[in-house]
Amino acid sequence: MNQRTYLDYNATAPLRPEVREAVVDALGETGNPSSVHAEGRAARAAVEEARAKVASLVGAQAEDVIFTSGGTEANALALGAPAGEESWQCYISAIEHPAALSGGRFHPETTTLIPVTADGVADIGALAQMLEKHKPGGWRPLVSLMAANNETGAIQPLAGTANIVHEAGGLLHSDAVQAAGRIPLDMTALGADMLTLSAHKIGGPKGIGALVLAEGVRVEPLIKGGGQEGRRRAGTENVPGIVGFGVAAELAAKELADVTALASLRDALEEGVRAVAANVVILSASAPRLPNTSCMAVPGVKAETLVIGLDLAGIAVSAGSACSSGKMEASHVLAAMGVAPEIANGAVRVSLGFGTKNDDIQRYVSAFGGLIKRLKRNAKEAA
Ligand code: PLP
């Protein structure tokens, strides 16, 4: 394959070489972490070392980390009525990933959507009004609001939401799959009761994630059987995946010291595309955003035209819309923000990461500019 420029870290990040090495080593080990012999104890030690590293990425206690098969399973585990006798009602933001919007275990009748502003930030004033009806001793609210959106990068007001939710006697779950390792996250400071993480977005292996709990929070297991993960998630642990997750979390935590470098690359990208396409629209531009994400559209230019044209030019990005059964559907995130269809249908998501260099940005800007120019020329000739 010719030289490629990978700018789709929000879909998945490349595997870090240090992670690959650790995973390969772990694959060579025999022990089951539940076994009492030396091999088992070695596997247990590797799992617990990784658990501490993952906990440390989000300021949690190691014993509160439940390893899962990924972010999707962690969301499903979080979004069920918590263990106990009480009745719960679920509130979920309209811009959540489908893994939360459709993956939870609440009946649609007990689920309410939280609206977002035109900038793609949850309207917590509206949430406060919705939660007013919850009285002590009655149904309790379980609220799910992601830490940052996967399409626009808009960072959500978690701390403010936590206050509202706790005043109403509820619990707050946050899908932090895109935010973890990209902005500092501290569970206690944010007031989140449950946090979803996924290894492959931070350079770890695919198929491993975690639900991290605040102290004292209990969940109703999704997968029952053996007593693994403190009886909260049965099944022999994915030791190589967990070890790889731990290494990725440790490296991502170190990089948090220098997120401004990533933000500068993102700013250079946006400056560059504005110079080559004056009418480009950057979505959620005035909201606080992840340093690595830019969602852009040129009115009237279809996202698939851009994604395919960029791919042919050696650049990998995603459409901000979902492709299902061969038909492009407008993104539910952009729809919830009230973005006009001619912009929403053209939105492409460019997401940078630890391997992105200035050259990648230059290549993107030049390919994007060339494509827009060609499309304009073709449109003129056809007119
Ligand atoms: N939540 C968000 C915000 C995501 O972006 C993703 C993946 O794209 C997921 C959850 C699902 O995570 P996983 O792929 O580990 O199941």
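**Figure 1. D175 and its polar contact with the ligand.** In this predicted model, a polar atom in the side chain of D175 sits 2.6 Å from one of the ligand's nitrogen atoms. The ligand would expose 400 Å² if taken alone, and the protein buries 85% of that.

**Figure 2. S198 and H200 at ligand oxygen atoms.** Zoom in on S198 and you'll find an N or O atom of its side chain 2.7 Å from an oxygen atom of the ligand. H200 also has a polar side-chain atom facing a ligand oxygen, here at 2.9 Å.

**Figure 3. The shell around the ligand.** Who's in the crowd? Going along the chain, G70, G71, T72 and H97 are among the residues surrounding the ligand, and so are M146, N150, D175, V177 and Q178. S198, H200 and K201 are part of the shell too. Sorted by class, that gives 8 polar residues, 2 nonpolar and 2 charged.

**Figure 4. The pocket that holds the ligand.** If you run a pocket search here, the space taken by the ligand comes up as the largest pocket. Residues to look for around the ligand include M146 and K201.

**Figure 5. Stepping back to the whole fold.** The protein has 14 helices and 15 strands. Its radius of gyration is 22 Å, close to the 21 Å that the globule rule gives for 383 residues, so the protein is as compact as a globular protein of that length. Along the principal axes, the C-alpha atoms fill a box of roughly 70 × 55 × 40 Å.

Notes. Residues numbered from 1 in each chain as written. Predicted model: local features only at pLDDT ≥ 70, side-chain atom pairs only at ≥ 80, totals over all residues. Heavy atoms only, no water. Near = heavy atom within 4 Å. Polar contact = N/O pair within 3.5 Å; in protein donor to acceptor, adjacent residues only side chain to side chain. Areas by Shrake-Rupley, 256 points an atom, 1.4 Å probe, with all protein chains shown as cover. 1 Å grid on protein atoms, 1.4 Å probe; cavity = no way out; pocket = protein on both sides within 12 Å on 5 of 7 lines; lining within 4 Å. Sits in = over half its atoms within 2 Å of the grid points. Nonpolar A, V, L, I, M, F, W, Y, C, P; charged D, E, K, R; others polar. Helix = DSSP H or I, 4+ residues; strand = E, 2+ residues; numbered from the N terminus. Rg over C-alpha atoms; globule rule 2.2 N^0.38 Å.
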